[in-house]
Amino acid sequence: MAKFSFQVKKSDLEDKEAPRRAPHIVLGMEGGGSPFGSTKYKRRRLCPHEDALIQVARLRPARNKEPLDVGWLVHAGLQRYYEIFQLAHREAPPNRNDQDAWRRYLWGARPEAEKAARDVCEAIKNEPGYAGTFDTVSTCVSAYLDHYRYADEWRILAPEETLVYQERLAKPWHFKDDQGNSIIQTDFRYSARLDILIHRYDPGKEGIWIVEHKTARMISDDLLAGYQLDMQILGQAWLLRKCVDLEALGAPFKGVIVNIISKHKTPQFERVEVMPSVHHLREFERSTRQWAFMNECFATAGYPRALGSCAGALRGYSKCSFYELCHNFPELTVEDWKTRDPGYGYYREERDLEDYVVDSEIF
Ligand code: SF4
């Protein structure tokens with residue numbers, strides 16, 4: 001008689017909705033994003049109510065969306081990886097004609113760097129609720145290390161650099177309606193966290209570049225095209241020009257490399273170069289200032305719900321993290337949620353707001 005055996009994977013036995021510790025708690029790393037960056041602008045225009053539940057009522061889902069945690073963990077692995085290289089790249093590089101010294105300089109730290117990246121994956125291996133996530137993250141990170149081993153001629157200047165621009169407006173926006181309600185905007189603030197700042201020596205590409213890591217469910221033409229007009233990517237280039245002494249970096253600033261890893265069983269890789277013109281950067285600034293004013297309008301209006309943004313295509317065919325709250329308690333306002341117990345599936349964040357970002361982007 002034929003014998004059949006079935007292999008049950010650890011991830012098959014997990015409840016994929018059950019609360020679990022956030023990855024930054026498991027790893028003991030900072031979990032924040034930049035304080036006034038594109039995540040917050042994008043989230044507020046997608047749904048002002050959602051943004052206020054996070055920023056004003058300080059509510060958090062007890063379990064993040066899976067794409068968010070996978071993206072965060074892959075970022076964490078690559079952060080540790082490039083931090084090791086940065087230590088080895090503090091001195092200027094040797095003459096390129098000395099090929100041995102050149103290769104040693106660029107890639108000598110690779111064994112230690114790869115170990116640091118793999119250690120991030122190992123840290124979640126036995127964490128309850130993370131079996132499936134571990135499979136995806138370790139596949140992405142290992143494949144990335146293999147794919148680009150000895151390929152990039154990059155000097156790592158700075159990993160995880162946060163740039164912040166703040167301006168007190170010379171002419172504040174001030175509107176008053178016939179009820180006496182005011183909308184006032186006195187400051188313009190914008191910030192970004194750069195995954196890495198590099199001096200790139202790849203032939204024909206030499207210069208200063210920002211690198212932004214992304215994980216994606218699949219890589220499509222639309223995904224690749226979208227980065228040329230993406231608020232986050234344009235904002236990084238705008239901030240670098242606005243806040244950093246480019247002359248001191250020793251080479252011309254070229255643009256942003258969007259470094260994409262797909263989450264397939266055999267991951268795919270794409271790097272999109274975004275080199276915005278002064279016209280693109282001017283429009284980024286003009287439209288972002290307009291959105292900063294709109295943010296004040298949403299606050300004055302009591303953070304309206306954007307019904308229609310709750311699920312479906314706008315959410316990458318997923319649901320908003322606060323869907324259950326809005327569905328079960330449609331009459332409650334952000335003001336109510338500031339003091340009310342959020343119940344099962346949510347908790348209130350006690351840390352300072354700037355320390356924490358729940359990202360609603362589709363990674
Ligand atoms: S469920 Fe809908 S209305 Fe409620 S916060 Fe989310 S997007 Fe906004």
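Begin at the place where α2 passes α9: the crossing is right-handed. This is a predicted model, and the stops below follow one another through it.

**Stop 1: α2 and α9**

Select residues 38-46 for helix α2 and residues 231-243 for helix α9. The two pack at an angle of about 145°, and their axes are 9 Å apart. To see where they touch, show Ser38, Tyr41 and Lys42 on the α2 side, then Met231, Gln232 and Gly235 on the α9 side. Sorted by class, this contact consists of 2 nonpolar, 3 polar and 1 charged residues.

**Stop 2: α3**

Next, select α3, residues 48-55. Are its residues buried or exposed? Pro48, His49, Glu50, Asp51, Ala52, Leu53, Ile54 and Gln55 are buried. That is 8 of the 8 residues of α3, so this helix is largely enclosed by the rest of the structure. What do they pack against? Show α2 again, then add β1 (59-61), α10 (278-300) and α12 (334-337): the buried residues of α3 pack against these four elements.

Now move to Arg58, in the loop between α3 and β1. Arg58 has 19 C-beta neighbours inside 10 Å and therefore counts as partly exposed. Its phi is near 60°, a positive value in a residue other than glycine. Most residues other than glycine have a negative phi.

**Stop 3: the ligand**

Select the ligand and the residues that surround it. From the earlier part of the chain, show Cys47, His49 and Glu50, which are among the surrounding residues. Then add Arg305, Ala306, Leu307, Ser309, Cys310, Cys320, Phe322, Tyr323 and Cys326, which also belong to the surroundings of the ligand. Which elements give two or more residues to this shell? They are α3 and α11 (323-328). By class, the shell divides into 8 nonpolar, 2 polar and 2 charged residues.

Another residue to select is Tyr303, in the loop between α10 and β7 (311-312). Tyr303 has 22 other C-beta atoms within 10 Å, and therefore it is buried. The phi of Tyr303 is near 55°, a positive value in a residue that is not glycine.

**Stop 4: the sheet**

Color the strands β2 to β6. They form an open sheet of 5 strands in the order β2-β3-β4-β5-β6, with mixed pairing. Strands of a sheet pair through backbone hydrogen bonds, either parallel or antiparallel. Which strands stand at the edges? They are β2 (154-176) and β6 (269-274); each has a single partner strand, so one side of each is left without a neighbour in the sheet. Neighbouring strands of the sheet are turned by 35° against each other on average, with direction ignored.

Walk across the sheet pair by pair. Strand β3 (residues 182-200) and strand β4 (residues 207-216) run antiparallel and are joined by 5 bridges. Show Ile196 here; Val211 in β4 stands opposite. Then add α10, which packs on the sheet and touches β2 and β3. The direction of α10 makes about 130° with that of β3.

The next pair is β4 with strand β5 (residues 253-262), in the parallel sense over 9 bridges. One position to select is Ala216, whose bridge partner is Ser262 in β5.

How do β5 and β6 run? They are antiparallel, with 6 bridges between them. The connection from β5 to β6 is a hairpin of 6 residues. Two positions show the pairing: Val256 stands opposite Val274 in β6, and Asn259 has Arg271 in β6 as its bridge partner.

**Stop 5: Pro172**

Finish on strand β2, where Pro172 lies. Is Pro172 buried or exposed? With 10 other C-beta atoms within 10 Å, Pro172 is exposed. Select Ile184, Gln185 and Thr186 as well: leaving aside neighbours within four places in sequence, Pro172 is in contact with these residues. Pro172 and Gln185 are 13 residues apart in sequence, and their C-alpha atoms are 5.7 Å apart in space.

Technical notes. Residues numbered from 1 in each chain as written. Predicted model: local features only at pLDDT ≥ 70, side-chain atom pairs only at ≥ 80, totals over all residues. Axes fitted to C-alpha atoms, helices over the stretch in contact; angles between N-to-C directions. Left-handed = near helix turned anticlockwise from the far one by under 90°. Contact = placed C-beta atoms within 7 Å. Nonpolar A, V, L, I, M, F, W, Y, C, P; charged D, E, K, R; others polar. Near = placed C-beta within 6 Å. Buried ≥ 20, exposed ≤ 12 C-beta atoms within 10 Å, placed from the backbone. Pairing = 2+ DSSP bridges.
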